[in-house]
Amino acid sequence: MKNQEIAAQFEEIADALELKGEMQFKVLAYRRAARSLEELTDDVAELAKSGKLREIPGIGEGTAKKIVEYLDTGKMKKLAEALEGLSEELLDLLKIPGLGPKTLALAHNELGVNTLADLKRVLGDGTLAQLPGMGEKKVDNLRKGVEVREHASARLRLDQALEVAEKVVAHMKLIPEVKEITPAGSLRRSKETIGDIDILVTGNGDTPRRDVPLRIIAHFTKYPETETVLSAGDTKASIRVKTATHAVQVDLRVLPQDTYGAALQYFTGSKEHNVKLRTLAREKGLKISEYGVFKGKKRIAGRTEKDVYATMKMPVPPPEIREDRGEIEAALRGKLPKLVELSDIKGDLHVHTSRSDGSFTLEQMVEAAKAKGYAYVAITDHSPAAAYAGGLSIDRLKKSMEDIDRLNEEMSRTDYHRDAAKPRGTRRKKKSVDGHFTIHNSPFTILTGAEVDILPDGKPDYPDRILEQLDVVVCSIHQGFRKNVTGRICDALANPNVDIIGHPSGRLLSRRAGYDVDLDKVLECARKYGKVLELNSYPDRLDLNDLYLRKAKEMGIRIAVNTDAHGIRDFDWMKYGVATARRGWLEKPDVVNCLSLNALLRLLRKN
DNA sequence: GCCGTTTTCGGCCCGACTGTTTTCAGTCG
């Protein structure tokens with residue numbers, strides 16, 4: 001798919017035009033077109049073929065033509081034209097915090113700055129400081145910006161950001177002036193990665209009012225892990241905080257109690273959601289800011305988020321879906337989804353033990369799953385091809401299945417000892433002679449399973465006679481990331497003994513983009529064979545991602561939200577999976593491990 | 001450049017912070 005490529009071209013046009021002082025709205029239009037393409041899960045080439053480009057929001061006559069031009073010729077004249085006299089390296093300088101298009105254009109035009117080296121030179125020799133509107137402090141800030149940029153690395157993963165936020169919150173709670181404190185921003189929206197952390201605070205009224213925000217800000221800037229204080233005003237401050245891997249920006253905003261809802265709404269974002277909401281308000285003759293909803297000078301709402309959205313005659317969209325992906329329209333029509341919740345999850349269908357590469361025994365993992373309040377867990381150790389992970393030979397797998405059966409029986413005995421009125425549960429079998437199967441009556445059931453490699457030839461790494469004895473078969477790609485991945489996954493989906501495709505894209509947020517796979521084709525195959533796709537909750541995966549989850553839902557494909565736990569604490573990752581599921585608009589019926597054990601097994605049998 | 005239950009032209013979210021300014025521009029989120 002060329003979607004990302006074309007989006008990048010539009011971004012570049014926007015940067016170049018901005019540098020050349022082109023009208024802001026034109027620049028914005030290119031950026032919006034780029035964002036739309038980035039989020040598009042349909043192939044833009046297909047849409048071009050069927051003449052549907054203009055149906056993409058933000059794509060109009062001009063950008064549609066440029067897309068077609070690029071698809072036909074591999075080039076975009078407008079980009080070459082916009083880049084005239086500029087270089088990619090120059091545009092890259094825009095990523096330096098504090099260095100915007102105006103200042104960069106000034107440095108470029110007046111001092112011939114084209115590269116990072118040029119910029120450092122004019123920052124160092126005082127020539128930039130002498131230009132109109134510039135001064136020593138600005139130059140100082142830019143020097144800092146260059147340093148930050150040079151040491152900047154990837155965004156934080158959701159789990160890492162959460163840890164930083166929790167520590168900062170704990171620090172802030174040390175002083176009595178802090179009354180309420182909430183992380184907002186992309187963290188509250190549970191984005192898979194977090195650029196910076198936003199924290200909202202209300203001041204306690206017990207102390208003299210005017211001092212409170214100042215003291216809170218002062219305490220914030222003294223957070224022990226602070227690397228730099230970027231800014232500190234009367235109501236808001238920004239610091240950079242050291243983490244194990246790199247520094248992250250943390251913004252703090254202090255607000256009065258009666259504007260808390262408006263501020264929470266504003267600070268949660270996303271920016272696109274807020275712009276849409278504020279535009280809507282403007283059409284109604286209202287104005288929304290972080291201080292409230294205003295009719296003329298009069299504030300008509302602001303205390304709670306509910307009040308703010310109510311002025312637009314809509315319920316509160318869950319934070320996870322505030323991305324301007326249709327949630328405002330849905331809310332206005334009263335059609336907001338009832339998103340899946342952590343408490344809806346009844347089991348985990350992808351779990352490893354020390355038999356393969358897990359760190360805990362079968363018994364320990366089972367206890368941990370029970371402690372989560374689940375009704376079932378599927379034990380899915382690796383298959384032999386995953387030698388590096390101690391994949392199980394057929395004999396070892398059979399031994400594991402026997403152990404699971406025995407453990408199930410033991411659990412049912414203990415459970416019925418407590419409740420003698422219930423009949424003794426019969427042993428669960430995959431398939432009985434007459435095609436029916438009987439269900440274990442224990443309140444907790446261990447399902448037999450495996451995470452089976454999809455081999456280079458597309459076959460699962462266990463023979464069908466083995467697979468058909470397992471309750472849950474998760475098939476995953478662990479090798480041959482570039483070798484016909486789409487075809488191999490679709491072959492696996494066609495196999496009636498395969499239930500779930502594990503981490504379908506194979507991406508690792510901190511390390512790699514993913515397999516060379518056409519997810520649209522995978523979704524199509526999953527739909528065709530009625531199979532389940534995994535949302536892997538491992539914080540570095542979160543795979544499928546929010547966009548493809550939504551697409552899967554729309555196609556009627558069901559999702560298993562699994563942790564891929566290799567240790568007992570990994571079961572906690574379920575919260576990241578559920579958060580991502582929510583971002584994908586998934587509801588309880590979309591998630592197979594919200595089903596009761598009986599219903600789940602019925603569903604898997606249909607495969 | 002995009003877009004339209006008041007518009008095919010005339011709009012396009014809103015405010016804080018900083019620094020260099022005598023009232024505002026640039027940047028950011």
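## Exercises on a predicted model

Strands β12 and β13 (residues 445-453) run parallel and are joined by seven bridges. The model is predicted: local features need pLDDT of at least 70, side-chain atom pairs count only at pLDDT 80 or more, and totals for chains, interfaces and linings use all residues. Residues are numbered from 1 along each chain as its sequence is written, and side-chain values use heavy atoms, without hydrogens and water.

**Exercise 1. Place β12 in its sheet and find its bridge partners.**

Step 1. Fix the terms. Strands (E, at least two residues) and helices (H or I, at least four) are DSSP runs, numbered from the N terminus. Two strands pair if DSSP finds at least two bridges between them.

Step 2. Read the order. The open sheet has seven strands, β11-β12-β13-β14-β15-β16-β17, with parallel pairing. β11 (347-351) and β17 (558-562) each have a single partner strand, so one side of each lacks a neighbour in the sheet.

Step 3. Work from β12 outwards. β11 pairs with β12 in the parallel sense over three bridges. D348 has V377 in β12 as its bridge partner. On the β13 side, H382 has E451 as its bridge partner.

Step 4. Check burial (buried: under 20% relative accessible area; exposed: over 50%; partly exposed: in between; 1.4 Å probe, protein chains only). Seven of the seven residues of β12 (residues 376-382) are buried, so the strand is largely enclosed by the rest of the structure.

**Exercise 2. Classify the ring pair F481 and Y515.**

Step 1. Set the cut-offs. Rings of Phe, Tyr and Trp (its six-membered ring) pair if their centres lie within 6.5 Å; planes under 30 degrees apart are stacked, over 60 edge-to-face, and the rest tilted.

Step 2. Count. The whole structure holds four aromatic pairs. One of them is F10 with Y30: centres 5.9 Å apart, planes at 50°, so tilted.

Step 3. Apply the rule. The F481 and Y515 centres are 5.1 Å apart and the planes are at 55°, so this pair is tilted.

Step 4. Locate the partners. F481 is in the loop between β14 and α20 (485-494) and Y515 in the loop between β15 and α21 (519-529), so the pair ties together parts 34 residues apart in sequence.

Step 5. Add accessibility. F481, at 23%, counts as partly exposed. Y515, at 7%, counts as buried.

**Exercise 3. Describe the surroundings of R550.**

Step 1. R550 sits in helix α22 (residues 546-554).

Step 2. Beyond its neighbours within four places in sequence, R550 is in contact (heavy atoms within 4.5 Å) with R325, G584 and W585.

Step 3. The R550 side chain reaches the backbone oxygen of R325 at 3.0 Å.

How values were computed:
Chains are lettered from A and ligands numbered from 1 in the order in which they are written. A polar contact is a pair of N or O atoms within 3.5 Å; within protein, one must be able to donate a hydrogen and the other to accept it, and residues adjacent in sequence count only if both atoms are side-chain atoms.
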